Amino acid sequence: MTYDYVVVGGGSAGSVLASRLSEDPSLKVLLLEAGGGADSLLFRMPAGFAKMTKGVASWGWSTVPQQHLGGRVIWYTQAKVIGGGSSINAQLYTRGNAKDYDSWETEGWSYKEVLPYFKRSEDNQWLVDAYHSYGGPLGVSYPVNPPPISHAFIRAAQEAGIPFNFDFNGAVQEGMGHYQLSTRNAERSSAASAFLKPAMGRPNLTVRLDAQTLRIEIEAGRAVGVHVAGASGIERIRAEREVIVCCGAIGSPRLLQLSGIGPANEMRKAGVAVVHDLPGVGSNLQDHLDLYAICECTGDHTYDRIAQPHRTVWAGLQYLLFKTGPVASTLFETGGFWYADKQARSPDIQFHLGLGSGIEAGVAQMKNPGVTLNSAFLRPRSRGTVRLASADPKAAPLIDPNYWADPYDRACAIKGLRLAREILRQPALKPFILAERLPGDGLTSDEDLAQYAFRSAKTDHHPVGTCAMGTVTTPDLRLRGIEGLRVVDASVMPFVPSCNTNAPTIMVAEKGADLILGKPPLPAA
């Protein structure tokens, strides 16, 4: 049981890495994933996202009580399936702002240096220019058939002073429009289906599902393998070259700490023997917090009634026969970027228009058809942690995003919610919207809206930063102080990008593969 590279975690980053590393037939690569497969129709159809946030293919974790959100405990979806977040997310393909990457101030990771890796992944349905390409593994397309309320929303945003933008990933991020999606031919294009599936026939690549890695084995300051929970007990697997951790911003610091790598005092409290004291592991957690407004519609303008049996059957047939209709929708395919702080260096609020109510876990379901507008503050100043509750690998970690610890985050989030409500009240939406139901017309003060957020705010599923370049990892993603060990996933991002984080995570893995293989970087844009 010896391989050149052992990749732990078959999510977005791990799937990309396993594919790219195994392109070299001289290398023997193993990919370990704690979850199962993602071949069923539920994972392939875009609207399957609605089921995913409610527990399908998830670890089932929640946050610790949030001190600055009135003690609220928030459901915290983390994927447990091949393809990771790319198999269960809303399929929004956004890259953020050029200034995001320049702000990392890390050698090799400026925007001009990472843009070629975004393009290498991409198979864009429409766009070929300085920012986009085609022919890569990852399908990128526009929504198949947005309903009329989506177009009215874009007009309403313009009435509120926010311009139309056709390409958030191009020269300008500001504006409202339809998102590019990680879909191809009206099916989800996950990292597993796009990168890993075409590589599965390679004799030098082994993929193991339902295989949870318990710890990394360290000998004389070097990672030499992993211990895995197998059907017949604990298995020991050797890595001749490197162990590469790709378990995400929650899972990676968790596995490192279970292996004795992290802040010594915290690991001792959890009953873990210290192998390497590295205080930054599990610190610097950043995430986007969602506040939302929900309106009741004047008629059947969204997809709330699709759950009715006869409508479900028709929607399923429409999708299977024509690849159109509600099932072909990601349900959050329209939105954009604008400003809460007018002095911000780039857009700091993101909007997602939900084609219904109660789409995500914990979000209220309207009795009559509704429409949801999410708003998320994109560059939080608050920092949280991921710690161990115990040395038991089966125990859930202590996830503390520490939302709103910095008052600036709270102020900007409330401004974003106010702007969402303003857009929903514009004339272009009057034929579609009857009335706002949440927060409700009676809630107007900042304190009213903060109390509403305490009851309703949710994660946007964008955690990053817990093994950040500079403190935990080097610019080439090596773990500081341990040989033969790298971390390649969203946890290495020093700051959360101003966007959904799946496309940036795939970019990190694309560049990480070249770093591991010793290839020269792609020419800067």
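This report walks through some helices, loops and single residues of a predicted model.

**Helices and their surroundings**

Let us begin with helix H1, which spans residues 12-21. Of its 10 residues, 10 are buried, so H1 is largely enclosed by the rest of the structure. The buried residues of H1 are Ser12, Ala13, Gly14, Ser15, Val16, Leu17, Ala18, Ser19, Arg20 and Leu21. You will notice that Arg20 is on that list of buried residues, along with Ser12, Ser15 and Ser19.

Further along the chain, helix H13 covers residues 446-456. Its buried residues are Leu449, Ala450, Tyr452, Ala453, Phe454 and Ser456. The cover over these buried residues comes from several elements, including strand E14 (289-297) and helix H12 (407-424). Strand E20 (433-438) and strand E21 (458-459) are also part of that cover.

Next comes a pair of helices that meet each other. Two packed helices are described by the angle between their axes and the distance between the axes. For helix H6 (residues 111-121) and helix H14 (residues 502-517), the axes come within 9 Å and cross at roughly 100°. Angles of 65 to 115 degrees count as roughly perpendicular, and H6 is therefore roughly perpendicular to H14. On the H6 side, the residues in contact are Val114, Tyr117, Phe118, Arg120 and Ser121. On the H14 side, they are Ala503, Pro504, Ile506, Met507, Glu510, Lys511 and Asp514. Sorted by class, this contact has seven nonpolar, one polar and four charged residues.

**His288 and its neighbours**

His288 sits in the loop between strand E13 (276-277) and strand E14. With a relative accessible area of 0%, His288 is buried. Which side chain makes a polar contact with the side chain of His288? The partner is His462, at 2.8 Å. A polar atom of the His288 side chain also lies 3.4 Å from the backbone oxygen of Pro497. Both His462 and Pro497 appear among the residues that His288 contacts beyond four places in sequence. The other residues in that set are Ala376, Phe377, Leu378, Pro380, Tyr403, Lys458, Thr459, Asp460, Val496 and Cys499.

**Cysteines**

How many disulfides does a search of the whole structure find? The search finds zero. Cys295 is in no disulfide, and the nearest cysteine sulfur, belonging to Cys297, is 7.7 Å away. Since a disulfide needs two cysteine sulfur atoms within 2.5 Å, that separation leaves Cys295 unpaired. Cys467 is likewise in no disulfide, with the sulfur of Cys247 as the nearest one at 9.5 Å. Cys295 is buried, at a relative accessible area of 2%, and Cys467 is buried too, at 0%.

**Loop residues**

Several loop residues deserve a look, and the table gathers the accessibility of four of them.

| Residue | Loop | Relative accessible area |
|---|---|---|
| Gly271 | between helix H10 (264-270) and E13 | 57%, exposed |
| Pro397 | between strand E18 (385-387) and strand E19 (398-400) | 5%, buried |
| Gln91 | between helix H4 (85-88) and helix H5 (98-102) | 0%, buried |
| Asn185 | between strand E6 (183-184) and strand E7 (187-188) | 64%, exposed |

Gly271 and Val81 are 190 residues apart along the chain, and their C-alpha atoms are separated by 29 Å. Pro397 and Phe322 are 75 residues apart in sequence, with 44 Å between their C-alpha atoms. Leaving out residues up to four places away in sequence, Pro397 touches Trp61, Ile250, Arg254, Val386 and Arg387. Of these contacts, Val386 and Arg387 fall within strand E18 (385-387).

The backbone has some points to check as well. Gln91 is not a glycine, yet its phi is positive, near 65°. Asn185, also not a glycine, has a positive phi of about 55°. Is Gln91 buried or exposed? Gln91 is buried at 0% relative accessibility, whereas Asn185 is exposed at 64%.

Finally, the peptide bond from Leu438 to Pro439 is cis, with omega near 5°. Pro439 lies in the loop between strand E20 and helix H13. That places the cis bond beside elements already met above, as E20 is part of the cover over the buried residues of H13.

Note on methods
Residues numbered from 1 in each chain as written. Predicted model: local features only at pLDDT ≥ 70, side-chain atom pairs only at ≥ 80, totals over all residues. Heavy atoms only, no water. Buried < 20%, exposed > 50% of the residue type's maximum accessible area, 1.4 Å probe, protein only. Helix = DSSP H or I, 4+ residues; strand = E, 2+ residues; numbered from the N terminus. Contact = heavy atoms within 4.5 Å. Axes fitted to C-alpha atoms, helices over the stretch in contact; angles between N-to-C directions. Parallel < 35°, antiparallel > 145°, perpendicular 65-115°, else oblique. Nonpolar A, V, L, I, M, F, W, Y, C, P; charged D, E, K, R; others polar. Polar contact = N/O pair within 3.5 Å; in protein donor to acceptor, adjacent residues only side chain to side chain.
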